Amino acid sequence: GGNRMVGQSHFLRQRLFSVSLCIGIALLNGSAWSAKPEPETEWKPPKLPEAVTIKPEGAVLKVAPIDRETRPEIEQAAAQIDSILQAYWNENKTKSGKKTTDHEFVRRAYLELAGRIPTIDEARTFCNATGRKKRGQLIDDLLESPGYVSHFYNYWADILRLKERPSRDIFFEPYMAWVKESLADNMPYDKWVYTLLTANGRVAENPATGFQLRDAGMPLSYVDNTVRVFLGTQIGCAQCHDHPFDRWTQQEFYKLAALTNGSKFSAKQVLFGGMGGASFGTDDSFSDSGPASDSPFKDEDDLIPNLARLRYGMQTAIDEKKVGGGIRNFYGSGTMMISSMDDEFRLPHDYQYDDGDPLDVVEPAVLWGKIPEYAEDEDNRARFAAWLTTSDNRQFARNIANRMWKKVMGVGLVEPIDDFQEGNIPAIPELLEHLTDEMLRLNFDLREFVRLLVSTETYQNVAVIYDPTAAEPHRYAGPALKRMTAEQLWDSLLTLIAANEWAYQRPTAQDLQAVYGIDMSVMDYEEFEQSYKDYNEYMRGLNRTRNKNCGYEGLTLVRASELPQPSGASHLLRQFGQGDRETIETARQSATVPQILTLFNGWMTHAMLAKGSVIYDSVSQQNTMKSAVDTIFLAILTHEPDADMRRAAEQEIKQASNPAAGCGNLIWALLNTREFLFID
């Protein structure tokens, strides 16, 4: 722990320089201080794809701008948070933390706000700049960068369980694209959640329906997951019996489930249930526009008989082996949709409490408070969404404030973050309520809220070690020391390799609608089969383009957010803890042996030592051993070496067979230090 994750006295022991790399590289070959040229027989890493070695021209992703004029207000609000923490430290006799150096801060800011380490030029530019405002300017720059969108997409993907195929007949690419685009547009959080809870139609035309489709046909799991994510409350135990550790009863759980039971998930149900569409009223409250013309089908009267004809033709073609069974999934995805159809909901057949009988019809009700007046005449889903997201429901704001606090500071004021209950008292109740007030003041602008948190002096202190099993609570003298997430590690390694980390981007929701949003109410089977073939060819074309432009020895050198979701079990992302997206927040950060082997000799390590990589080109341009060592340290650890580190590094280079091999060993050793893997 401490300021430097690898201290001076430990550097020699951890560097692993005595282990010679079997990676032949041409670094520094022919430079003024090179001892001898590279042997012609030495093995060379495969060539990097050209697309990732050329810097992109212009903006790679449109991101809503930050209002720079509000910076003074942000700093004033940040000082209020620091003041509350200072009073807490005084009361608990805790010393405030030590402020980070510029090198420490720039590395943390890029990792926490853009999801990667800074480049050499980015680090040098920031550290060489002068002026009191430079940290605030860096924060604002990063919050309106494509990296912010990518990083926070990865964060929400683990919470929302985003994967391309949750089931065989649900295609989630449009929904995943919509989540990312919502972050780029900086959609207010309350409106974002309301849209997720009330969206109607097919995922191709209305991608936000993906949230409800994730638990299609499972109303009890849906309400449990929704309350857990957006209210931070675990009520799942009450599905089967009164909650043993909280106040929720089984009756209350079923009353709430009755409010969300209005979602229907098939074309036939949509036809008879109508096609309402959620929108926002002019008074900024939520309302249901509900026009029938919002239907994605042009001719609803012909829908059901035509779907029957398509299904018959599809099955005949499968039986005659004209097409594979995949067309059945395509048919299912085209007819899987959501509409509002309020229906009665009953208690389970084995209900055992005195306040009801088995199979009684349940009257819909909320857990606390009341449904806003403007939503009283809406359907049940809209009533539920209005209650959950209203500013009067303080727990909605409190939960997301606590989530964002943990995202930034490493430890929530309430832990676990999805277990708000009467017996789970916040670490600093006054601070949590103040943060809730700030979330409401900012009108659920999550990016502005993150901007506020990272502008505090507390966030800019050196990280402190926190042991969740210790008797003493975390005092928040600074952010908790934590390891990079799998996505942060991947994107940081990519920063050392690719000049263009955006050489491939997943298609937008609009792109997918053009090939996936087919009208199945009027087409004949031949047209349907051609649409299926067109869609498959489009997806195969994307894969070919991605592999051709960005492929390297089985890896795709693009941001983690642009890779298959989730990645395969053997991928570096999964090895370092990317979640399987089957349940909420399955990402892990525990250490494993495969992680060590991957960093020791995985293809990402080979890629950064290939000609054309960022670090290769940066080091090969140096003319002295000193500048080469400085460049390697700055690229990987975002600081130049101290005297002991420099001495050890130069000794390794001198004793290697040639400077190239010595530099390769140094790069490899620094990648395998704790200092690289942790966010200090």
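Q: How many residues of helix α9 (residues 189-198) are buried, and how enclosed is the helix by the rest of the structure?
A: A good way to read this is to ask whether each residue falls under 20% relative accessible area, the cut-off for buried. In this predicted model, 10 of the 10 residues of α9 are buried, so the helix is largely enclosed by the rest of the structure. Among the buried residues of α9 are D190 and K191, along with W192, V193, L196 and L197.

Q: What share of the protein chain is buried?
A: Here the same cut-off is applied to the whole chain: under 20% relative accessible area counts as buried. Of the 680 residues in the protein chain, 58% are buried. As for the surface, the chain exposes about 28,800 Å², with carbon and sulfur atoms supplying 49% of that area.

Q: How many helices and strands does the protein chain have, then?
A: The count is 30 helices and 11 strands. To see how the chain is tied together, look at contacts with a separation of 6 or more: residues 24 or more positions apart account for 73% of them.

Q: Now to helix pairs. At what angle do α27 and α29 pack?
A: The idea is to compare the N-to-C directions of the two axes; angles under 35 degrees count as roughly parallel. Helix α27 (residues 625-637) and helix α29 (residues 659-671) pack at about 25°, with their axes 10 Å apart. The two helices are therefore roughly parallel to each other, and α27 passes α29 in a right-handed crossing.

Q: Which residues meet where α27 packs on α29?
A: From α27 come V629, I632, F633, I636 and L637, and they meet C663, L666, I667, L670 and L671 of α29. Sorted by class, this contact has 10 nonpolar residues, no polar and no charged ones.

Q: How do α18 and α19 cross, by comparison of angle and axes?
A: Again, start with the angle: what lies outside the roughly parallel, roughly antiparallel and roughly perpendicular ranges counts as oblique. Helix α18 (residues 429-441) and helix α19 (residues 446-454) cross at roughly 135°, and their axes come within 9 Å. They are therefore oblique to each other, in a right-handed crossing.

Q: And which residues make the contact of α18 with α19?
A: On the α18 side there are L435, E438 and M439, while α19 brings L446, F449, L452 and L453. The classes in this contact are 6 nonpolar, no polar and 1 charged.

Key. Residues numbered from 1 in each chain as written. Predicted model: local features only at pLDDT ≥ 70, side-chain atom pairs only at ≥ 80, totals over all residues. Heavy atoms only, no water. Helix = DSSP H or I, 4+ residues; strand = E, 2+ residues; numbered from the N terminus. Buried < 20%, exposed > 50% of the residue type's maximum accessible area, 1.4 Å probe, protein only. Contact = heavy atoms within 4.5 Å. Areas by Shrake-Rupley, 256 points an atom, 1.4 Å probe, with all protein chains shown as cover. Axes fitted to C-alpha atoms, helices over the stretch in contact; angles between N-to-C directions. Parallel < 35°, antiparallel > 145°, perpendicular 65-115°, else oblique. Left-handed = near helix turned anticlockwise from the far one by under 90°. Nonpolar A, V, L, I, M, F, W, Y, C, P; charged D, E, K, R; others polar.
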